[in-house]
Amino acid sequence: MSVVITIPIYRENLTITEKVSLQQLRRVLGNYPCVFVAPESLKFAYEGLENGIAVERFPDQWFTSITSYSRLLLNETYYARFAKYDYLLIYQLDAFVFADRLQEFCELGYDYIGAPIAPYNPIWHAIGARVGNGGLSLRRIVAARKALRQWENMPRERQQIFQDVFLRVEDSFWGWCGVQKDVEFQCAPLQVALQFSVQEEVQNCYRRIAAGTLKPFGCHGWDVTNASFWREQIEALGYDLSTEERLAGTNRRCDDLRTYWQKRRYIDFVRLWGALRKHRYTSMTIQLLGWLECYPAGDKKWEGLGEELQYLWRCCRQERLEHPEAKIELERLEHVLAEAILRTLQTGSWQEHLPWLLESILPQIQEVKTLATEELCRAVENIRWQEWESRASYAKSAPASVKKHHIVAIAMVRNEMDIIESFVRHTLSFADELLILDHYSSDKTSAILTALQQEGLSLSVQKVSRVEYAQAELTTELMYEAINDHGADIVIPLDTDEFLVGTAAGKNVREWLEELDDSIVYELPWRRYILYQPHLHRDEFILSRPVIGDVYRDSGQKCIVGARSVMRYKLKLVQGNHCVYYEQNGQQIDVEMQRCQSMELAHFYWRSQEQFQTKIAVGWPNIVARYSLASVAGGGYRNYHQRMIKGEMISPLEFLKQGSLMDLRPFVEPQILRYSQETTPQPMGNLMKASVLLAERVAEQQMLVQKILVTTVVPYMGQMEDFTQRLQQAVEQDYLWQQLLIPCLQQTGEIALHQINEICQKKIQGKYDWDVFGYDEIQNVFSQLSAKAKGKFVHWQLPGTEVANNFLKRMVSAGMEQIVPLQVVVSDAREDYSNEYPYIMIHPLDNTQVALGNAFWQRLLEIGKYPAGDITAALITREAMDNCGWLCNSFLLPEGKRLPFTAWKVLLSAVGDGLVGVISDCYACPESKVMSLENLVIHQLEWWELLQLEKTTWKSKDLRETVQLFCRNGEKILTRALASGCNTTTSLWQRYQQVLLQSSNMF
């Protein structure tokens, strides 16, 4: 039978004992094909011992630890490399062979042979096997591949009992396969395995070797297991080990055995294992309860027992699958075992791997709701986090001297509150600025972004008014904004779940970015990650938490864009930021990208069940709204959406081809989060909000089909810069059916009028019909407005108010789609204001609150406030606007001044018994949250004058309450004026004080 010998290596140079091992292999088994199994990047020179030995290379990540190497040997691709052979001998360089008996063992026909395991080993107790150690082992390649495929098809609940153990100790997997009735895999019996290889003390093997009655093919771990014995045997074959002082007296396995027998004096696990094999679960429970009573919490007799106890717990879970009729007995036993495991942790001293082993079965332990299991879970979580924190190592900040490029990152976000702070802080550790489009976030995302801006971070946030997911168009616009308005040399388009990291530990991402050319587009690889324990430490920086990363990079790529290439070819981003293209003769031409080797994206596609459910439940309908149900831009969303509808739970491991525990801290700077508490996503809440937005979009589309014209009035009132800004807001409305009228409400010279026309031509550019007309004392300007207006609705764009880009679309939709006709629709405020301020937040009880015009005015007059967005926050029917004379009585001409509170009286009085609707959303708000004392006084005086006009129609009680409120506001304003050193001797203040005195004497 054909056999290949594989020799795993990972060092550039060999130790003395490894050289001896390799020399003996060449001497005894040199006639067989030998192959070094090595990392791709390893360069080695073994003083000629490597000559004639082939090399098979595998990705470096398989050689970073014992665990990663174990995973390689549990990967079918490893055995596929050697599929032309019947058998594979693994020969680690702590093995030693004495004679060429390799064909003899191949001809026995077993699927696996390795050194027998000592009876005190708890792992092998748990799986019920003794054969055998994998460091020197013979494996039948076809059988190994078949067993691995069978494992992949086993039920998840069966796999998870021992999966983490197998991935750490791969040879235990083959031993387990050998004792499973439904797995076609045969391990050699113990006596045959002893003839093959020796490692631990089994059946007096060392005494028999010394006596010459046992002559094994080889041994493994000879430099740590009874080393003095093996040194004598190996030196007898002509090797000199005299310089290896560490071999003298080393006998680790014998020390382990001695410790094991000492523990048995108090707690005899042999009795427990025996009872388990005979299914005597109640006897085990009684025995454990006796020990718990005898040895209380903190007793040192529990030291060192945790690993074996947790293996017993795992076996109970396996027994549940095989003997479901004993479920109640086994549950009681699990309760008691959890208490015993907790006792081992309470000693303050435990085995090195115990917290790791317990951590992997915590989800199953947590299913058992007892005080002991809850305390055990907390203890394990705290221990593991402390261990993780103690090993923290981060990259250093990039020195200022390396910063030559101006680097801007751009992103579009929606409902990312669980990750947004980590994303922003990490991105700004290497980027000079971060520009974000907030796409209708309905969770805490917007609040967290606002808090980060208030810290002074270089963060710009814009609200997106489009409901559908138009990422390509919007991020392309943002890319040009980054270049044209922010001076970017390099633009990095990102999603919020993507974190740019380097590929070399310790080096800052910024240093890698500075090596890029701003005339090139770079192809950026990405790798998927999931959080190792997504439910723990959610308020910690995501890259400082343990993660499971894919050994393989994800298919596809993202991009980093040089600004010069963008401007040269007028590049555009595709959906998802995967690449860029330019248009030529109506064709889309993809730009060839240069592979970036120094960086990659850490992609956290799945972060928790709640986050993923929100992502799919909200994301897929929005993709459909943009690209139809047959979208090719779904990225798997449709499949996940359909599975979630069926009630399936999406496992995060689905997103990894081959996962491995990883630490990203050496590649990034540390970050402290301040605003990420209580940020677990709420899928149902987000879905409900998103469904409302989509329904609203349907209503808007129905309205847009009607092409309802709105006349927007942007008056010129003497300030050219202010007028230009207001005109820009009007032009930027995402509403196509608009007529712009620009009346001059003060006397305007020919030069100014010419300038106004130039500004209109430049800003409007034929997008809308527009007209400018100057102040004319003979032909009233408001009559001209009435004559020129064509719209069904009228909107005033007045100074001091900021308007959202979707104001008209939302307001027209609200005005048209009602069961009762509304004369005026008003957008509510974003926040409450203090008493002396003239603004009110109405707080509609439902989405829209309806009131009669007269009643609404009465209420405003009583409290001395009007909607925070001024008249700009209102959409007014043409009928109502004509009835109120186009607000002419609220303007002071020809000075170009206006009376904002009076404007509401004029409008609402004209509406009379007609209906006014106030919607709960804010689409217009004051440009400044601060109002000067002088403006507060002007408002108070205007309020007083309006009160004088209507006081005769009021009830005495109502008038008294309003006047008292007026006086209280006056006291506050005067107190603030005196405290700030304001000059209160001016005519304005003198008039105000006279009014306050008059009002205080009214009652």
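These exercises work through strands, sheets and packed helices in the structure above.

The model is predicted: local features need pLDDT of at least 70, side-chain atom pairs count only at pLDDT 80 or more, and totals for chains, interfaces and linings use all residues. Residues are numbered from 1 along each chain as its sequence is written, and side-chain values use heavy atoms, with hydrogens and water left out.

**Exercise 1. A sheet of 6 strands**

Find the strand order of the open sheet of 6 strands, and its edge strands.

Solution.
- Helices (H or I, at least four residues) and strands (E, at least two) are DSSP runs, numbered from the N terminus.
- Two strands pair if DSSP finds at least two bridges between them.
- The order is 3-2-1-4-7-6, and the pairing is mixed.
- Strand 3 (54-58) and strand 6 (112-116) are the edges; each pairs on one side only.
- From one strand to the next, the twist averages 30°.
- Take one pair: strand 1 (residues 3-8) and strand 4 (residues 87-91) are parallel, with 4 bridges.
- Here I5 is opposite L89 of strand 4.

**Exercise 2. Helices on the sheet**

Which strands do helix 1 and helix 2 lie on?

Solution.
- Contact means heavy atoms within 4.5 Å.
- Axes are lines fitted to C-alpha atoms, for helices over the stretch in contact; angles run from 0 to 180 degrees between N-to-C directions.
- Helix 1 (residues 16-29) lies across strand 1, strand 2 (34-39) and strand 4. Helix 1 runs at about 170° to strand 1.
- Helix 2 (residues 66-73) touches strand 1, strand 2, strand 3, strand 4 and strand 7 (131-140). The direction of helix 2 makes about 170° with that of strand 4.

**Exercise 3. Helix 16 against helix 18**

At what angle do helix 16 and helix 18 pack, and which residues make the contact?

Solution.
- Helix 16 (residues 327-346) and helix 18 (residues 371-390) pack at about 40°, with axes 9 Å apart.
- Helix 16 is therefore oblique to helix 18. (Under 35 degrees counts as roughly parallel, over 145 as roughly antiparallel, 65 to 115 as roughly perpendicular, and the rest as oblique.)
- The crossing of the two helices is left-handed. (That is, the near helix is turned anticlockwise from the far one by less than a right angle; right-handed is clockwise.)
- Helix 16 gives A338, E339, I341, L342, L345 and Q346. Helix 18 gives A372, T373, E375, L376, A379, V380 and I383.
- By class, there are 9 nonpolar, 2 polar and 2 charged residues. (Ala, Val, Leu, Ile, Met, Phe, Trp, Tyr, Cys and Pro count as nonpolar, Asp, Glu, Lys and Arg as charged, and the others, Gly among them, as polar.)

**Exercise 4. A sheet of 3 strands**

Why does one side of strand 5 and of strand 8 lack a neighbour in the sheet?

Solution.
- The open sheet of 3 strands has the order 5-9-8, with mixed pairing.
- Strand 5 (95-97) and strand 8 (197-198) stand at the edges with a single partner strand each, so one side of each has no neighbour in the sheet.
- Strand 5 pairs with strand 9 (residues 218-220) in the antiparallel sense, over 3 bridges.
- A95 is opposite H220 of strand 9.

**Exercise 5. A hairpin**

How many residues lie between strand 20 and strand 21?

Solution.
- Strand 20 (residues 580-584) and strand 21 (residues 587-590) run antiparallel, joined by 4 bridges.
- Q584 has Q587 of strand 21 as its bridge partner.
- The hairpin has 2 residues between the strands. In the turn, N585 has a positive phi of about 55°.
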